[in-house]
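Please look over the sequence and the model below before reading on. The paragraphs that follow go through the structure one part at a time.

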Amino acid sequence: MDCNGCEFHPDLYYDDEYQVWLRREPGDILTIGMTDLSQAIAGKILHVRVRRPGTRRPAGKPVATIESGKWAGPVPNFVDCTIVAVNEAVMATPALLNQDPFGAWIARLEVHEPLDQALARFVTGEAARTGYRARAERDDIHCGRG
Amino acid sequence: MSEKISLRVLDTGLRRAAENMALNRTLLECHQAGDSPHTLRFLRFEPCALVGFHQNVEQELRVDHCRTEGIDIQRRITGGGAIYFDPGQIGWELYLDRRFLGTADMGEIARRICEAAADGIRRLGVDARYRPRNDIEVDGRKISGTGGAFDGNSIMYQGTLLIDFDVERMLRVLRIPAEKLSDKAIASARERVTNLRELLGEPPPLARVQSALAEAFAEAFQVDLVPEDDLNPREQTHFAQALVEIDSEDWVYQRHRPAGGMPLLEAVHRCPGGLMRAGVMLDEARDIIRQVWITGDFFMNPRRMLVDLEASLKETPVAELETNIHRFFDAYRVEMLMLSREDFLQVLRKALDSRDPASTRAGTHAAG
């Protein structure tokens, strides 16, 4: 637990609003998931839908959508990629995104640009920890496990 | 005094569902891109049935009935369940920044907006109140349903307001088993829904409804209202593109959920306080209780506790039914005569136990 009870992993990569985390896998593959901050502000997630494996998604087009309460919206995507795998456990039990946001990965993505180049647009390590904590404080986000 | 933030007010008039859905996407995406200001939109619909973002049309609607009756079918970009819309209702929508209301918590944002909307409806002379999570009601009867969508830091939150409403017409659009359309079932649905015409004796003029809502939002959020006649040029361009995608079978009939049964399970429970009947609509593929209905001749005060309990049990995983019932009664002040929370739990369990064993296995399997 890191800030306001929100879990953080310095080895992962994050967008500048800390909505998603990315993990580098062998090959040009990234795993994407929701951060603890995202699941906390979304509330209990009732539905998740991921585009089919094989689907190409340009940067800006979401790889997945979620629904909590009556809110629906995208899990944002910032890289030009093709979905290569979907976490079936999360599809079947969306609440895993609330219970274990860093364990409950959503999809694996094949990235259509050099991985180092893509990851340079994200934050990681201690810089990410500082930003993550700042967002939790600024938006008064307290993480709990749904 | 610091200068107030502006809230643009748009009235896009009576439109086809596809146009209204395309406008939802347009205004949300343009807001996210910085091309749209904070906006309050009023909208009305030609007769249509709208499924929630993650629903399957065939599972929720009587498609043949809609086609015969000329009722458009569309998919919302917001979550929640299927609804029927016609010119007897008015829609209101807010497009804001996630931090506009000083919180990023989605539940809190919904509550703040719904409370402001309820204040607006009260200005028309009815005692409207917010009912968690997403309804506005008058004396326990729903008058406005709401839901939201987000995209990055932009949010869109929308609600319906029933000015005049035909419950039977709604029930015939939704996929509810034929035997549930009995006079009694229709009467029961009517008890749970109300509208301004019924409450006020006549429908108030649309302009008055709009100004009451707009003024309530302006006061609650401390903003200046800026009425405008039309979309800005960037929004116009975006709208034309969004309409092509949304006014299509690909958008409307996309399948989001594994196909599964949605049985209506029923049970009767005799307890010292009286006879209790319950209906449970179960999403078998996900093992989630979509909705429950409870009726009976027992005594409680306030009587509206029943509808509050029903509202709190929407979308409850079967495994969490007991916890949710306890959580509800722990927080709710109600006086009951020879009746306990266990009775409610029992009647709902009994309904769930009436599941076809074969479909129970399939449901468990699909839920992983």
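**From the core outward**

Leaving out residues up to four places away in sequence, Ala107(A) touches Ile32(A), Val50(A), Val63(A), Ala64(A), Ile83(A), Ala85(A), Val86(A) and Asn87(A). The model shown here is a predicted one. Ala107(A) belongs to the largest nonpolar core, a set of 110 residues, and is among those with the most contacts inside it, together with Ile32(A), Ile106(A) and Ala49(B). Another core lies apart from this one; its 21 residues include Leu282(B), Ile288(B), Ile289(B) and Ile325(B).

One of the contacts of Ala107(A) can be placed in a pair of strands. Strands β8(A) and β9(A) run antiparallel and are joined by 5 bridges. Across that pairing, Val86(A) stands opposite Ala107(A) in β9(A). Strand β8, residues 81–86 of chain A, also pairs with β5, residues 56–57 of chain A, in the antiparallel sense over 2 bridges. There, Arg56(A) has Thr82(A) in β8(A) as its bridge partner.

Trp105(A) lies in the loop between α3 (96–99) and β9 (107–111) of chain A. Is Trp105(A) buried or exposed? Trp105(A) has 22 C-beta neighbours inside 10 Å, and 20 are enough, so Trp105(A) counts as buried. Setting aside neighbours within four places in sequence, Trp105(A) is in contact with Thr31(A), Ile32(A), Gly33(A) and Asn87(A). Ile32(A) and Asn87(A) are also touched by Ala107(A). The C-alpha atoms of Trp105(A) and Leu22(A) are separated by 9.2 Å, although the two residues are 83 residues apart along the chain.

Ala64(A), another contact of Ala107(A), leads to strand β6 of chain A. This strand covers residues 64–68, and 5 of its 5 residues are buried. Ala64(A), Ile66(A) and Ser68(A) are on one side of β6(A), Thr65(A) and Glu67(A) are on the other, and both faces are covered. What pairs with β6(A)? Strand β4, residues 45–50 of chain A, is joined to β6(A) by 5 bridges, and the two run antiparallel. In this pairing, Ile45(A) has Ser68(A) as its bridge partner. Strand β7, residues 71–75 of chain A, is also antiparallel to β6(A) and is joined to it by 5 bridges. Ile66(A) stands opposite Gly73(A) in β7(A). The hairpin of β6(A) and β7(A) has 2 residues between its strands, and in it Gly69(A) takes a positive phi near 55 degrees.

From β7(A) the path crosses to the other chain. Strands β7(A) and β9(B) run parallel and are joined by 2 bridges, with Ala72(A) opposite Ala149(B) in β9(B). The contact as a whole takes 21 residues from chain A and 26 residues from chain B. On the side of chain B that touches chain A, α4 and β9 (141–151) are the elements that give two or more residues. The largest share, 6 residues, comes from β9(B). By class, this side of chain B has 13 polar, 8 nonpolar and 5 charged residues.

Two helices of chain B can be read in a similar way. Helix α8 has 16 residues, 206–221, and reaches 23 Å from its first C-alpha to its last, close to the 22 Å expected. Val209(B), Leu213(B), Phe217(B) and Phe221(B) are its buried residues. They line one face of α8(B), because they fall within an arc of 75 degrees when seen down the axis. An α-helix has 3.6 residues a turn, so residues three or four places apart point the same way. Ala207(B), Arg208(B) and Glu219(B), on the other side of α8(B), are exposed. The cover over the buried residues of α8(B) includes β1 (5–15), β6 (89–97), α4 (106–122) and β11 (223–227) of chain B. Just after the helix, Gln222(B) takes a positive phi of about 55 degrees.

Helix α13 of chain B, residues 341–353, has 13 residues and reaches 18 Å between its end C-alpha atoms, close to the 18 Å expected. In α13(B), Asp343(B), Phe344(B), Val347(B), Leu348(B) and Ala351(B) are buried. These residues are on the same side of α13(B), because they cover an arc of only 125 degrees around the axis. Glu342(B) and Asp353(B), on the other side, are exposed. Among the elements that the buried residues of α13(B) pack against are β13 (274–283), β14 (288–296) and α12 (321–331) of chain B.

Notes: Residues numbered from 1 in each chain as written. Chains lettered and ligands numbered in written order. Predicted model: local features only at pLDDT ≥ 70, side-chain atom pairs only at ≥ 80, totals over all residues. Helix = DSSP H or I, 4+ residues; strand = E, 2+ residues; numbered from the N terminus. Expected span 1.5 Å × (residues − 1). Buried ≥ 20, exposed ≤ 12 C-beta atoms within 10 Å, placed from the backbone. Arc of directions from axis to C-beta. Contact = placed C-beta atoms within 7 Å. Core = buried A, V, L, I, M, F, W, Y, C linked by C-beta atoms within 7 Å. Pairing = 2+ DSSP bridges. Nonpolar A, V, L, I, M, F, W, Y, C, P; charged D, E, K, R; others polar.
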